[in-house]
Amino acid sequence: MSYKSTTNSVNVFKKPLPIFSKQPMTGFYRNGFCDTGAEDTGNHSVAAVVSDEFLDFSASRGNNLRSIGLTGGCKWCLCASRWREAMEARKSDNDPVVPKVFLHATHERALESLKMEDLKRFASEGEAANSSTTAQTPGSTSGSAIKE
């Protein structure tokens, strides 16, 4: 099976949006991409790895992601607004409540409600420094593991 973005979507660096996770199958369209469109009113554009602390936080806000099988370490396309809520609720920049972001797989639409500097501050190790050179091809399986 070939996995391709449903549109000519680009990431926050205006590069082609790569697949983020096939296991679990993520994205608003459940195609493995953090692709988004007009019907995605939640803006599921932030490619991130969730922590147990974030899952607790999200459940406390009425969205229990554990009920769909997510555990700490899973890669998931998050709603930009929920990611921002976690960032604003953090006690420090090292607070695990804020999911680490994979900039190369984060859809450009995230920038409609989030600042690039915030996404970079919480980027997964190495992402902020070299994300424009780490784009994966749509058929690539690297970066699609369940756990980080």
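**Exercise 1. The main core**

Task: In this predicted model, find which residues have the most contacts inside the largest nonpolar core, and which elements supply it.

Solution.
Step 1. The largest nonpolar core holds 25 residues. Those with the most contacts inside it are Val46, Leu78, Trp83 and Leu119.
Step 2. Turn to the elements. At least two residues of this core come from each of β1, α1 (52–60), β2 and α2 (80–89).
Step 3. Helix α2 gives the most to this core: four residues.
Step 4. Look for a second core. Another one, of seven residues, lies apart from the largest. Its members include Phe20, Ala47, Cys77 and Phe102.
Step 5. Add the general background. Nonpolar side chains in soluble globular proteins tend to be buried together.

**Exercise 2. Around Trp83**

Task: List what Trp83 is in contact with, leaving aside its neighbours within four places in sequence.

Solution.
Step 1. Apply the cut-off: a contact needs heavy atoms within 4.5 Å.
Step 2. Start with Val46, Leu78, Val98, Pro99 and Val101, which are among the contacts of Trp83.
Step 3. Complete the list with Leu114, Asp118, Leu119 and Phe122.
Step 4. Cross-check against the core. Val46, Leu78 and Leu119 are named with Trp83 as residues with the most contacts inside the largest nonpolar core.

**Exercise 3. The disulfide**

Task: How many disulfides does the protein have, and which parts of the sequence are tied together?

Solution.
Step 1. The cut-off is 2.5 Å between cysteine sulfur atoms. The sulfur atoms of Cys34 and Cys77 are 2.0 Å apart, and the two residues form a disulfide.
Step 2. The count comes to one disulfide.
Step 3. Place the partners. Cys34 lies in the segment before β1 (46–49), and Cys77 in strand β2 (residues 75–78), so the pair ties together parts 43 residues apart in sequence.
Step 4. Get the handedness. The angle about the S-S bond is -85°, and the link of Cys34 and Cys77 is left-handed.
Step 5. Check burial. Cys34 is buried at 0% relative accessibility. Cys77 is buried too, at 2%. Cys74 is also buried, with a relative accessible area of 4%.

**Exercise 4. Salt bridges**

Task: How many salt bridges are there, and where do Arg66, Arg84 and Arg90 find their partners?

Solution.
Step 1. The count comes to nine salt bridges.
Step 2. Take Arg66. Arg66 pairs with Asp52, with 3.6 Å between the closest N and O atoms. Arg66 sits in the loop between α1 and β2, and Asp52 in helix α1, so the pair ties together parts 14 residues apart in sequence.
Step 3. Classify both ends. Arg66 is partly exposed at 34% relative accessibility. Asp52 is partly exposed at 41%.
Step 4. Take Arg84. The side chains of Arg84 and Glu88 form a salt bridge at 4.0 Å, N to O. Arg84 and Glu88 are four residues apart in helix α2, about one helical turn. Arg84 is partly exposed at 27%, whereas Glu88 is exposed at 56%.
Step 5. Take Arg90. Arg90 forms a salt bridge with Asp93, the closest N and O atoms lying 2.9 Å apart. Arg90 is partly exposed at 24%. Asp93 is partly exposed at 36%.
Step 6. Look for shared partners. One network joins Asp52, Asp56 and Arg66.

**Exercise 5. The sheet**

Task: In what order do the strands stand in the sheet, and which strands are at the edges?

Solution.
Step 1. Three strands form an open sheet in the order β2-β1-β3. The pairing is antiparallel.
Step 2. Find the edges. β2 and β3 (100–101) each have a single partner strand, so one side of each is left without a neighbour in the sheet.
Step 3. Count bridges. β1 and β3 pair over two bridges.
Step 4. Name a partner. Val49 has Lys100 in β3 as its bridge partner.

**Exercise 6. The whole chain**

Task: Describe the protein by its elements, burial, contacts and exposed area.

Solution.
Step 1. The protein has four helices and three strands. Along the sequence the pattern is β-α-β-α-β-α-α.
Step 2. Of the 148 residues, 48% are buried.
Step 3. Take the contacts with a separation of 6 or more. Residues 24 or more positions apart account for 67% of them.
Step 4. The exposed area is about 7200 Å². Carbon and sulfur atoms supply 49% of that area.

Terms used:
Residues are numbered from 1 along each chain as its sequence is written. This is a predicted model: local features need pLDDT of at least 70, side-chain atom pairs count only at pLDDT 80 or more; totals for chains, interfaces and linings use all residues. Side-chain values use heavy atoms; hydrogens and water are left out. Buried means under 20% relative accessible area, exposed over 50%, partly exposed in between (1.4 Å probe, protein chains only). Accessible areas come from the Shrake-Rupley method with a 1.4 Å probe; for residues, only the protein chains shown count as cover. A nonpolar core is a set of buried Ala, Val, Leu, Ile, Met, Phe, Trp, Tyr and Cys residues joined through side-chain atoms within 4.5 Å. Two strands pair if DSSP finds at least two bridges between them.
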